[in-house]
Amino acid sequence: MKEMVRYGVTLSLICGIAAASLAAVNLMTKSRIIAQAQAEEGTALKDVLPQATRFEPVKKDGETLYYKAFDAQGNWTAVAFTADQKGYSSVIQTMAGMSRDGVISAIKVLSQNETPGLGSGVTSPDFCGQFSGKAIDGLAEVSAITGATISSKAVIDSVKNKAQEIKELIRNEG
Amino acid sequence: MKKFFHEFLKGIFRENPTFVLALGLCPTLAVSTSLTNGLGMGVAATFVLLGSNVIISGMRNIIPGRIRIPCYIVVIATFVTLVEMTMKAYSPALDRALGIYVPLIVVNCIVLGRAEAYACKSSVTNSFFDGLGMGVGFTLALLLISGIREVSGAGTILGREIIKGFDPVRVISMPSGALLVIGLLLAFFNLIKRKK
């Protein structure tokens with residue numbers, strides 16, 4: 001019985017110290033982590049919609065559905081959205097810009113952990129550049145990377161499906 | 001001083017965690033696809049090893065033997081989470097590249113192995129040099145494997161193309177290639193050891 005109490009106290013003490021130090025570091029890094037994520041999002045938005053000057057997230061239940069992009073005159077011209085799908089060895093997350101009538105302006109792969117030298121080719125300009133200027137139905141023409149059909153298909157399908165979904169969503173909006 | 005140096009060197013050669021002890025091969029196989037990943041993983045694991053070795057050695061007289069494993073895991077998990085948060089804040093790209101393998105350092109057998117086999121019965125300074133040596137040994141092993149794999153599997157060094165038009169051996173980048181490279185290196189180091 002006495003042993004059990006000693007074990008309990010020792011373990012709680014260690015856990016308490018661990019929790020305290022984690023809380024301290026969390027407090028120090030939290031704002032930086034959020035800032036990093038926001039900065040990354042900002043550059044990605046600029047990359048897929050270079051003409052837009054202002055972005056406004058459209059949220060539902062606390063999650064960002066898509067971003068409205070406005071030009072210098074303040075007109076809502078395009079949308080940007082993120083799409084993700086499981087590729088060969090990881091979930092590939094892509095950001096895409098699309099005009100309001102459904103033409104993709106550019107895409108950018110935000111995160112992937114595909115096979116280096118094969119699936120990682122989805123980040124290459126040769127592949128991503130093919131998306132530019134294609135309508136949703138035209139995305140089937142994007143040719144997959146040799147030796148990385150699954151990774152390529154994941155990007156194409158996820159962008160296509162999400163684009164369709166967003167297009168439906170914004171159709172009724174002014 | 002000579003003794004500390006001995007503790008340090010042991011992790012690099014005589015008891016190299018990857019090539020001699022063959023511990024923690026799972027993350028080694030998974031992240032050794034490029035030099036940057038190998039280095040990032042190595043440094044992260046070294047920091048955790050150092051921290052956990054020192055703390056566990058310092059508390060070796062307080063921790064009751066029967067609950068030592070949960071105590072070790074708490075200490076190790078704390079250091080891993082510290083590394084993860086720091087990495088997220090200062091190097092998000094590396095954090096994404098290493099993905100799930102950073103949190104998995106918690107269950108890396110090298111860390112728990114050193115705690116159980118060494119730190120719990122050695123002095124703090126000895127444990128410090130043991131952790132440092134093991135960490136450096138692990139990092140060097142990762143660099144060797146990931147260097148070979150990046151050059152032959154992707155045709156690049158640190159992401160830069162070396163020879164234009166060189167068609168790399170793609171299979172080396174795949175998990176099967178990792179097993180091949182590690183197997184050949186293990187055989188090579190065993191050969192050297194037997195010759196002595």
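Two strands are said to pair if DSSP finds at least two bridges between them. With that in hand, the exercises below work through a predicted model.

**Exercise 1. Determine how β1(A) and β2(A) are joined, and in which sense they run.**

Step 1. Between β1(A) and β2(A) there are seven bridges, and the two strands run antiparallel.

Step 2. A residue pair helps to place this on the structure: A:E56 stands opposite A:K68, which belongs to β2(A).

**Exercise 2. Follow the chain from β2(A) through β3(A) to β4(A), and describe each pairing and each connection.**

Step 1. Strand β2 of chain A, residues 63-70, pairs with strand β3 of chain A, residues 76-86, in the antiparallel sense and over four bridges. Here A:A69 has A:A78 of β3(A) opposite to it.

Step 2. The hairpin of β2(A) and β3(A) has five residues between the strands, and in this hairpin A:G74 takes a positive phi near 90°.

Step 3. Moving on, β3(A) pairs with strand β4 of chain A, residues 91-99, over nine bridges, again in the antiparallel sense. The residue opposite A:A80 is A:G97 in β4(A), and the hairpin that joins β3(A) to β4(A) passes through four residues.

**Exercise 3. State the order of the strands in the sheet of chain A, and explain why β1 and β5 each have one side without a neighbour.**

Step 1. The sheet is open and is formed by five strands of chain A in the order β1-β2-β3-β4-β5, with antiparallel pairing.

Step 2. Because β1 (54-60) and β5 (104-111) of chain A stand at the edges and each has a single partner strand, one side of each is left without a neighbour in the sheet.

Step 3. From one strand to the next, the twist averages 25°.

**Exercise 4. Find which helices of chain A pack on the sheet, and then describe α1(A) itself.**

Step 1. Helix α1 of chain A, residues 2-48, packs on the sheet and touches β1, β2, β3, β4 and β5 of chain A, while its direction makes about 150° with that of β5(A).

Step 2. Helix α3 of chain A, residues 149-171, also packs on the sheet, touching β2, β3, β4 and β5 of chain A, and its direction makes about 140° with that of β3(A).

Step 3. With its 47 residues, α1(A) reaches 65 Å from its first C-alpha to its last, which is close to the 69 Å expected at 1.5 Å a residue; at A:T29 this helix bends by about 40°.

Step 4. The buried residues of α1(A) are A:I14, A:A18, A:A44 and A:V48, and they pack against β3, β4 and β5 of chain A together with α4 of chain B.

**Exercise 5. Describe the side of chain B that touches chain A.**

Step 1. The contact involves 29 residues of chain B and 23 residues of chain A.

Step 2. On the side of chain B, the elements giving two or more residues are α4 (68-90), α5 (92-98) and α7 (124-154), and the largest share, eleven residues, comes from α4(B).

Step 3. By character, the residues on this side of chain B divide into 16 nonpolar, nine polar and four charged.

**Exercise 6. Locate B:S122 and decide whether it is buried, partly exposed or exposed.**

Step 1. B:S122 lies in the loop between α6 (109-117) and α7 of chain B.

Step 2. A residue is buried if 20 or more other C-beta atoms lie within 10 Å of its own, and exposed if 12 or fewer do. B:S122 has 19 other C-beta atoms within 10 Å, so it is partly exposed.

Step 3. Leaving aside residues up to four places away in sequence, B:S122 touches B:S57, B:S127 and B:D130.

Note on methods: Residues numbered from 1 in each chain as written. Chains lettered and ligands numbered in written order. Predicted model: local features only at pLDDT ≥ 70, side-chain atom pairs only at ≥ 80, totals over all residues. Contact = placed C-beta atoms within 7 Å. Nonpolar A, V, L, I, M, F, W, Y, C, P; charged D, E, K, R; others polar. Axes fitted to C-alpha atoms, helices over the stretch in contact; angles between N-to-C directions. Expected span 1.5 Å × (residues − 1). Bend = angle between axes of the 7 residues up to and from the residue.
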